[in-house]
Amino acid sequence: MTDTTSNAAARLPRTAAVIPAAGSGVRLGPGAPKALRPLNGTPMLVHAVRAMARARAVALVVVVAPPAEVDAVRSLLDEHPPPPSVDQVVVAGGATRQESVKRGLAVLPEDIEVVLVHDAARPLVPVDTVDAVAAAVRAGAPAVVPALPVTDTVKQIAAPAADGGVEPVVGTPDRSLLRAVQTPQGFDRATLVEAHERPGDGDATDCAGLVERLGVPVVLVPGHEEAFKVTRPLDLVLAEAVLARRRKNDGF
Ligand SMILES: Nc1ccn([C@@H]2O[C@H](COP(=O)(O)OP(=O)(O)OP(=O)(O)O)[C@@H](O)[C@H]2O)c(=O)n1
Ligand SMILES: C[C@](O)(CO)[C@H](O)COP(=O)(O)O
């Protein structure tokens with residue numbers, strides 16, 4: 001006889017990782033789209049897909065690729081396949097991160113209940129961070145964000161100055177109440193889809209920002225320093241150093 005109670009307890013909600021990877025990487029400088037640039041010889045996107053596919057909960061990875069690189073990204077992922085338990089799909093991205101995520105959400109199969117949205121530009125997120133975000137969504141939070149305390153003092157200005165001019169300061173927020181947020185950000189699927197259908201005014205720089213606009217609570221869990229975003233050239237140096245340290249310590 002089937003023990004339905006323990007089956008239900010052991011069942012993980014079907015979880016997909018949507019990986020926005022369609023950015024060009026202007027701040028990284030000239031070259032291929034950022035997600036395709038190598039880290040220790042392997043494209044950043046491949047590291048990011050591996051990081052998500054390693055999580056026990058993830059059954060599907062949706063990569064949102066630069067529109068001109070969809071075929072190239074499919075070939076790349078065929079060369080670096082995920083474990084057999086994980087499916088992958090590649091779709092073309094849009095003009096902004098928000099639009100790219102929306103395009104990724106549009107191809108999710110009906111049975112996906114939880115969505116983790118993870119930047120290709122955060123290729124080294126540890127699996128424990130991914131698992132912690134997914135677990136918090138499973139535990140009932142509709143929107144979960146990994147975050148770290150801010151270490152710099154932050155100044156608020158009234159408006160950015162043109163051409164590197166001086167910027168008058170209007171305030172210094174209490175740093176102990178600020179957090180720098182990372183990805184993967186985890187969501188109950190219906191909440192995230194609604195947030196993208198009713199985005200409000202102006203582009204949001206993260207998905208949780210859209211969910212906040214709905215009035216749905218967003219919670220933070222501890223992030224990880226290795227989940228940093230590769231944005232500028234120095235970040236590539238740091239990423240390669242992290243990989244070298246992992247190889248030395250863990251052998252991979
Ligand atoms: N139209 C876009 C813009 C960004 N992204 C993705 O969103 C993530 C976070 O964006 P960011 O680090 O800002 O990447 P870029 O937009 O490529 O960087 P830049 O602003 O320097 O061009 C990245 O994985 C990026 O590929 C995306 O999928 N579609
Ligand atoms: C989603 C994000 O990585 C959280 O820190 C970040 O907001 C992406 O921002 P960007 O403007 O695309 O750099």
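Here is a chat about a predicted model of a protein chain with its ligands.

Q: Before anything else, how does the chain score on pLDDT?
A: This is a predicted model, and its protein chain averages a pLDDT of 94, with 95% of the residues scoring at least 70. For the model as a whole, ipTM is 0.98 and pTM is 0.95.

Q: Where does pLDDT stay under 50?
A: Over residues 1-9. For that stretch the model has 1 contact beyond four places in sequence.

Q: OK, ligands. Which residues come nearest to ligand 1?
A: Pro 20, Ala 22, Gly 23, Arg 27 and Ser 100, out of 22 residues around ligand 1.

Q: And how does that shell divide into nonpolar, polar and charged?
A: You get 9 nonpolar, 8 polar and 5 charged residues around ligand 1.

Q: What surrounds ligand 2?
A: Arg 97, Asp 119, Val 181, Gln 182, Thr 183, Thr 205, Asp 206 and Lys 229. By class, the ligand 2 shell holds 1 nonpolar, 3 polar and 4 charged residues.

Q: Thr 183 caught my eye. Is its peptide bond to Pro 184 cis or trans?
A: Cis, with omega near 10°. In general, most peptide bonds are trans. Pro 184 itself is in the loop between E10 and E11.

Q: So on to E11. Which way do its residues point?
A: Gln 185 and Phe 187 point one way from E11, while Gly 186 and Asp 188 point the other way. Are they buried or exposed, you may ask? All four of these are buried.

Q: How many bridges pair E11 with E6?
A: There are 4, and the pairing is antiparallel. One position to look at is Val 114, which stands opposite Asp 188 in E11.

Q: What about E7 and E11?
A: Those two also run antiparallel, joined by 2 bridges. There, Ala 143 stands opposite Phe 187 in E11.

Q: Switching to helices. Which residues of H6 are buried?
A: In H6, residues 189-197, the buried ones are Arg 189, Thr 191, Leu 192, Ala 195 and His 196. Looking down the axis of H6, they fall within an arc of 165°, so they line one face of the helix.

Q: Why would residues spaced like that point the same way?
A: An α-helix has 3.6 residues a turn, so residues three or four places apart point the same way.

Q: What's on the other side of H6?
A: Ala 190 and Glu 197, which are exposed there.

Q: And what do the buried ones pack against?
A: Helix H4 (97-105), strand E6 (114-117), strand E7 (143-149), strand E11 (185-188) and helix H7 (207-214).

Q: H7 next, then. Which residues are buried there?
A: Cys 207, Ala 208, Leu 210 and Val 211 are buried in H7. They cover an arc of only 155° around the axis, which puts them on the same side of H7. Covering them are elements including H4, E6, E7, strand E10 (179-181), E11 and H6.

Q: What phi does Gly 215 take?
A: A positive one, about 85°, just after H7.

Q: Any non-glycine residues on my list? What is phi for Asn 40?
A: Near 50°, a positive value in a residue other than glycine. Most residues other than glycine have a negative phi. Asn 40 is in the loop between strand E2 (38-39) and strand E3 (42-43). With 11 C-beta neighbours inside 10 Å, Asn 40 counts as exposed.

Q: And Asp 163?
A: Phi of Asp 163 is near 55°, also positive and also in a non-glycine residue. Look for Asp 163 in the loop between strand E8 (156-157) and strand E9 (169-171). Asp 163 is exposed because it has 4 C-beta neighbours inside 10 Å, and the exposed class takes 12 or fewer.

Q: Last one: Val 137. Buried or exposed?
A: Buried, because Val 137 has 25 C-beta neighbours inside 10 Å. Val 137 is found in helix H5, residues 127-138.

Q: What does Val 137 touch?
A: Leaving out residues up to four places away in sequence, Val 137 touches Val 114, Val 144, Gly 186, Phe 187 and Asp 188. Val 114 and Asp 188 are the pair that stand opposite each other, with Asp 188 in E11.

Terms used: Residues are numbered from 1 along each chain as its sequence is written. Chains are lettered from A and ligands numbered from 1 in the order in which they are written. This is a predicted model: local features need pLDDT of at least 70, side-chain atom pairs count only at pLDDT 80 or more; totals for chains, interfaces and linings use all residues. A residue is buried if 20 or more other C-beta atoms lie within 10 Å of its own, exposed if 12 or fewer, and partly exposed in between; C-beta atoms are placed from the backbone. The arc is that of the directions from the helix axis to the C-beta atoms. Two residues are in contact if their C-beta atoms, placed from the backbone, lie within 7 Å. A residue is near a molecule or strand if its C-beta atom, placed from the backbone, lies within 6 Å of it. Ala, Val, Leu, Ile, Met, Phe, Trp, Tyr, Cys and Pro count as nonpolar, Asp, Glu, Lys and Arg as charged, and the others, Gly among them, as polar. Two strands pair if DSSP finds at least two bridges between them. pLDDT is the predictor's confidence in each residue, from 0 to 100.
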